[in-house]
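Here are a few exercises to work through with the model open beside you. Try each one before reading its solution.

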Amino acid sequence: MMTLFEREQQACKIIDSMRQELIGIAKYLHENPELGQEEYKAVAKINEFFESKQFQTEIGLTDCPELKTAMRADAVGIHLVKDDTALADTAGAQSEVSTAEGITVTDVADITATGTVDGQMDDASEIYKMAFLGEYDALPGLGHGCGHNLIALMSMGAAVAFACVAGSNWQTTFFGCPAEETIGGKVYMAEEGLFKGYEAALIIHPGGDNEIGGTSLATHPLEVTYHGRSAHIASLTDSGINALDCAVDLYQAVKELKKTFPPHAIVGTIFTKAGEAPNVVPDTATLRMTVRGGTVEDLENIILPAIKKEAQRIADEYEATVDMHHYEPLFKDMRQDPRLLQIFGQTMMEFGKRPRVLPDDEADGSTDVGNVSYEIPTAQPTLSIGSGLEAHTPEFACAAGSDFGFEQAIKGAKIMAITALRFAHYCVNTNTK
Ligand SMILES: [Zn+2]
Ligand SMILES: [Zn+2]
């Protein structure tokens, strides 16, 4: 038998053995930043890595055009630790390891004579799956100002280490998720059902502090276009229908409406079309709004219907017409899995720093990881790559390419691998599927 603790140690050794390789890839991504849906170099590099580890890989997932720079790497039935006799030496050990409060995992794994790690579970035919989410898109003008090159590193390292030691009834998938900063690749991946059947999805985001918990806002950007009728501004016979007046009224009305919205609602509005010449009554005016809410339900059932109703009312008042459409997909709010958070928190502490625990409803942004969290248990803690850093700044981009950033990411890979192992044992021992 290989104890859970031994598996964890082995996972860390495997990550250490890939250290230079992983850092090399994160550096390459940092030096070759690519915007969402254009991450060809990143995907090729990551693919090469997983092929060298005998994973089955696929670039471009489903027929969805948004997913042409998505990828997956599957370790199905691959045992990468073949000749490590140290593993076989531990046969016979059985241990109970207490992890985060309230979660006790019993190790029931077995190791075959050849040294492959075999998770001997009650029902050996049962197959479990673990997903590691990688990102790799950069920001215009800032390069890796959100540190997604380090997200790639962490999830790559953790996926390989987990696949090596989790046991044969665990399947491991690294999902390369494109365009987090723009269209949200995971929105489409979730829609295509790619995460179905997985026990959990893990991801760590670099940041300015170690944090677990919190959420992210649901967001569904809306474009509103008014169509009126143009006329000379000084015409004595035709005053036209002023589309810009409609847009301005809506802008004002939304500011008032906001007072009635549920907590955490945010609406940011700009005018993207507001007339061509001041001596012509504008026949077209367009607003773009980022509309966010604490939950999908608040956003889709309360906030957006209220805005749309008001937009229509204003159009009617002016005898204009109005078109409304969502120019980006719905990013759902993040539902962090409490069990994963507990294990993540405990593991981070063991690695030297107790994470700050955020209140369940604290959110300072939106992410497509939320859409994954509506499908399967998911958690995304934050790992510090420099005290007090804020993402989407030049300083953050610098930290994401620094030696300290890489060191932290190697640590993050270990934290993620250990969390995955502990959750895997929890799943098996509580028959959680
Ligand atoms: Zn970002
Ligand atoms: Zn990010």
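**Exercise 1.** Find the strand that holds I266, then decide whether this residue is buried, exposed or partly exposed.

*Solution.* Keep in mind that you are looking at a predicted model. Start with the secondary structure: I266 belongs to strand 14, which covers residues 266-273. Next, take the neighbour count, which is 17 other C-beta atoms within 10 Å of I266. A buried residue needs 20 or more, and an exposed one has 12 or fewer. I266 is therefore partly exposed, because its count is 17.

**Exercise 2.** Which residues does I266 touch, leaving aside those up to four places away in sequence? How many residues separate I266 from M289 in sequence?

*Solution.* The contacts of I266 are L217 and R292. For the second part, I266 and M289 are 23 residues apart in sequence, and their C-alpha atoms are 9.7 Å apart in space.

**Exercise 3.** Describe how helix 2 and helix 12 cross, and say what kinds of residue meet there.

*Solution.* Two packed helices are described by the angle between their axes and the distance between the axes. Helix 2 spans residues 19-31 and helix 12 spans residues 403-429; their axes come within 10 Å and cross at roughly 125 degrees. The angle lies outside the range of 65 to 115 for roughly perpendicular and is not over 145, so helix 2 is oblique to helix 12. The crossing is right-handed. Now look at the side chains: R19, L22, I23 and A26 of helix 2 meet F406, A409 and I410 of helix 12. Sorted by class, this contact has 6 nonpolar residues, 1 charged and no polar.

**Exercise 4.** In what order do the 6 strands of the open sheet run, and which helix packs on the sheet?

*Solution.* Follow the strands across: the order is 1-2-8-7-9-18, with mixed pairing. At the edges are strand 1 (56-59) and strand 18 (378-379), each of which pairs on one side only. Helix 3 (residues 40-52) packs on this sheet, where it touches strands 1, 2, 7 and 8. The direction of helix 3 makes about 165 degrees with that of strand 1. For a closer look at one pair, strand 7 (residues 128-135) and strand 9 (residues 200-202) run in the parallel sense over 3 bridges. There, A131 has A201 as its bridge partner in strand 9.

**Exercise 5.** How many helices and strands does the protein chain have, and what share of its residues is buried?

*Solution.* The count is 12 helices and 19 strands. Of the 433 residues in the chain, 51% are buried.

Methods:
Residues are numbered from 1 along each chain as its sequence is written. Chains are lettered from A and ligands numbered from 1 in the order in which they are written. This is a predicted model: local features need pLDDT of at least 70, side-chain atom pairs count only at pLDDT 80 or more; totals for chains, interfaces and linings use all residues. Two strands pair if DSSP finds at least two bridges between them. Helices (H or I, at least four residues) and strands (E, at least two) are DSSP runs, numbered from the N terminus. Two residues are in contact if their C-beta atoms, placed from the backbone, lie within 7 Å. Axes are lines fitted to C-alpha atoms, for helices over the stretch in contact, and angles run from 0 to 180 degrees between N-to-C directions. Angles under 35 degrees count as roughly parallel, over 145 as roughly antiparallel, 65 to 115 as roughly perpendicular and the rest as oblique. A crossing is left-handed if the near helix is turned anticlockwise from the far one by less than a right angle, and right-handed if clockwise. Ala, Val, Leu, Ile, Met, Phe, Trp, Tyr, Cys and Pro count as nonpolar, Asp, Glu, Lys and Arg as charged, and the others, Gly among them, as polar.
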